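Reader: I'm new to looking at protein structures and I'd like to learn how to read one. Could you walk me through it?

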Amino acid sequence: MRKTEYRPVVKIENGIVSICRKRHCENTYLQFCQSVNWDSNKKVLSPRDSDVCYIKLSADVREKIKGNYCVVVNLDTGEFADVFIDPDVLKDTMGEIRVTNYVKKTVGITEKSNLAVCIENSAEFSTVLVQKMENIKSDVVVIPEGVISEEILRSFSFFEVINNLTKDSIFVKSKNIVTEKTKNLREIRLNRKQRKLLSDNIPSRLTKEQWAQLLDTRDVTPEEKEIFKNEYSEDSNGYTIKESIEDMSYTANQIIKKFINVNFGESIVLRPVIETYRYKERRGLLKVLSDFYVGRSTLTLNCRRPHECDENADIVRMTEDNMRFLGIEAMDKVVLRFKNKKISCHVLPFSEDKYTNTNIPSVIELSVGIPAHIRDTLGVTDIKSSVKVDRDTGFIFRKSFNEQLVPILLALFSINIFDGLKRWVSLLICAGLIPVIMYVTLSPKRNMRGK
């Protein structure tokens, strides 16, 4: 299992917040909110469900932040963390913050740390439109022109799209964000798969507060309320949908969409991933060659829990259909990418029965089961996030090369093309023919992948 990490720092001088990497600085995305105090004598926050990257703020700080997200910065080191703000504020305190262990470790918080909270200049959209036909295959996100500056689009390699209601999120490359001229600056266009990954309009889980708010509505009939209540069941953290959204009846599907939309509307946040400021992935010669010979294939999938027996292994799970799409077999390797981090690990197919034992009802075809220790290494702080899954072309190339090198050499020497030639000439001809033959023999691998 391998990983890479590149990380900028955040500096605050005279109230100006700058994201810095080497000689580059960006000072338009973050705004200084307030310095905050962390009390080491109080217990850290316990992870809530699958979320380990959240904080609580005192009321005086919370009221200065409109959205649900902010950035916590260690003023001494420049370390930072993107965090979700708990709706419950700290009582009887002023200028205080409480964090989880993950945030404490990421930001490097000690008893003497000077901390600050920064506001993100992210874009929020209240309407999700169907993607235009010409943009569906290219998997782009379309936003109104001027909502995010061209400088920010150029400066950050990846952006995160978040469903404010469910906290499901996906990551898109900046080059896959397209702008269009429109009068309504609160509209965003997403394709069907993107909306599914974000659980748009049909959340698989609701908090107890959200459930109470929904049942108090007067804009739906009693019959519709009953259908809605029949689709969810109570658990320790709230209310979870009883079955896969894919298996839900059309009537129930439409009623839940109406129920959610009437009460909460749509709220999609688009923000740059700070870790990818001025970040460019560098590919070595071997990676370039393996991509050329084998061919890349990529999927975006929701992060979910694996089978219970996988938690101590470097193995991820996905459906056999997704494995066929990537052009891989059981125990081949895939590369998981999250923000600016990546890990290579082996893959096995899901068992549908075991998947439902460890996960909330969700679309298994849009899921990849990742053990907790791999999620931690990747920095996946919430299993509602999505990851990119590539087939490991380097592994497939090495595997094919090992299997075919000896047969290729035997075939070359058996046809007597080296008779009468000097040894160094024979070796030179072999060195020239082997890459050509390998490219031809790997053509089935290049063809058995989705694009």
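**Reading charges, burial and patches**

Author: Let's start with one residue: Arg337 is buried, its relative accessible area being 12%. Keep in mind that we are looking at a predicted model.

Reader: What makes 12% count as buried for Arg337?

Author: The general idea is a cut-off: buried means under 20% relative accessible area. Arg337 has 12%, so it falls on the buried side.

Reader: Which residue does the side chain of Arg337 meet in a salt bridge?

Author: For a salt bridge, you look for a side-chain nitrogen of Lys or Arg within 4 Å of a carboxyl oxygen of Asp or Glu. Here the partner is Asp390, with N to O at 2.7 Å. Asp390 sits in strand β27 (residues 386–391) and Arg337 in strand β24, so this pair ties together parts 53 residues apart in sequence. Asp390 is buried as well, at 6% relative accessibility.

Reader: How many salt bridges are there by this rule?

Author: The count comes to 20 salt bridges. Let's take another one: Asp332 pairs with Lys399, and their closest N and O atoms are 2.9 Å apart. Asp332 belongs to the loop between α10 (320–326) and β24, while Lys399 belongs to helix α13 (residues 393–414), so parts 67 residues apart in sequence are tied together.

Reader: Are Asp332 and Lys399 buried or exposed?

Author: Check each partner on its own. Asp332 is buried, with a relative accessible area of 1%. Lys399 counts as partly exposed, at 26% relative accessibility.

Reader: Which residues are linked in a network of salt bridges?

Author: To find a network, follow the links from one charged side chain to the next. In this chain Arg7, Glu79, Glu275 and Lys339 are linked that way. One of the pairs is Lys339 with Glu275, whose side chains meet at 3.8 Å, N to O. That pair links distant parts of the chain, 64 residues apart: Lys339 is in the loop between β24 (333–338) and β25 (341–349), and Glu275 is in the loop between β21 (268–272) and α9. Glu275 counts as buried, at 8% relative accessibility.

Reader: You mentioned α9 there. Which residues of helix α9 are buried?

Author: Go along a helix and check each residue against the burial cut-off. Helix α9 covers residues 285–294, and its buried residues are Ser290, Asp291, Tyr293 and Val294. Just after α9 comes Gly295, with a positive phi of about 90°.

Reader: What about loops? Where does Thr93 lie, and which residues does Thr93 touch?

Author: For a loop residue, place it between its neighbouring elements, then look at its contacts. Thr93 lies in the loop between β8 (80–85) and β9 (96–99). At 18% relative accessible area, Thr93 is buried. Leaving out residues up to four places away in sequence, Thr93 touches Lys42, Ser58 and Asp60.

Reader: Now for the surface. Which residues gather in a patch of positive charge?

Author: Look for like charges gathered on the outside. Lys22, Arg23, Arg154, Arg278, Lys280 and Arg282 form the positive patch. Among them, Arg154 is in helix α4 (residues 150–155) and counts as exposed at 64% relative accessibility.

Reader: And which residues form the negative surface patch?

Author: Glu243, Asp247, Glu352, Asp353 and Glu365 form it. Glu352, for one, is found in helix α11 (residues 352–358) and is exposed, with 55% relative accessible area.

Reader: Which residues make the nonpolar surface patch?

Author: Here you look for nonpolar side chains on the surface. Phe292, Val436, Tyr439 and Val440 make a patch of about 380 Å². Helix α14 (residues 423–441) gives the most to this patch, with three residues. Val436 is in helix α14 and is exposed, at 51% relative accessible area.

Reader: Let's zoom out. How many helices and strands are in the chain?

Author: The chain has 15 helices and 27 strands. Its C-alpha trace spans about 90 × 60 × 50 Å along the principal axes. Of the 451 residues, 52% are buried.

Reader: How much of the accessible surface belongs to carbon and sulfur atoms?

Author: The accessible surface comes to about 22700 Å², and 51% of that belongs to carbon and sulfur atoms. As for charges, the chain has 70 positive and 61 negative ones, and their mean positions are 7 Å apart.

Methods. Residues are numbered from 1 along each chain as its sequence is written. This is a predicted model: local features need pLDDT of at least 70, side-chain atom pairs count only at pLDDT 80 or more; totals for chains, interfaces and linings use all residues. Side-chain values use heavy atoms; hydrogens and water are left out. Buried means under 20% relative accessible area, exposed over 50%, partly exposed in between (1.4 Å probe, protein chains only). Helices (H or I, at least four residues) and strands (E, at least two) are DSSP runs, numbered from the N terminus. Patches are made of residues with over 30% relative accessible area and no salt bridge: like charges are joined within 9 Å, nonpolar side chains (Val, Leu, Ile, Met, Phe, Trp, Tyr) within 5 Å. Accessible areas come from the Shrake-Rupley method with a 1.4 Å probe; for residues, only the protein chains shown count as cover. Lys and Arg count as positive and Asp and Glu as negative; His and the chain ends are not counted. The place of a charge is taken as NZ of Lys, CZ of Arg, CG of Asp or CD of Glu. Contact means heavy atoms within 4.5 Å.
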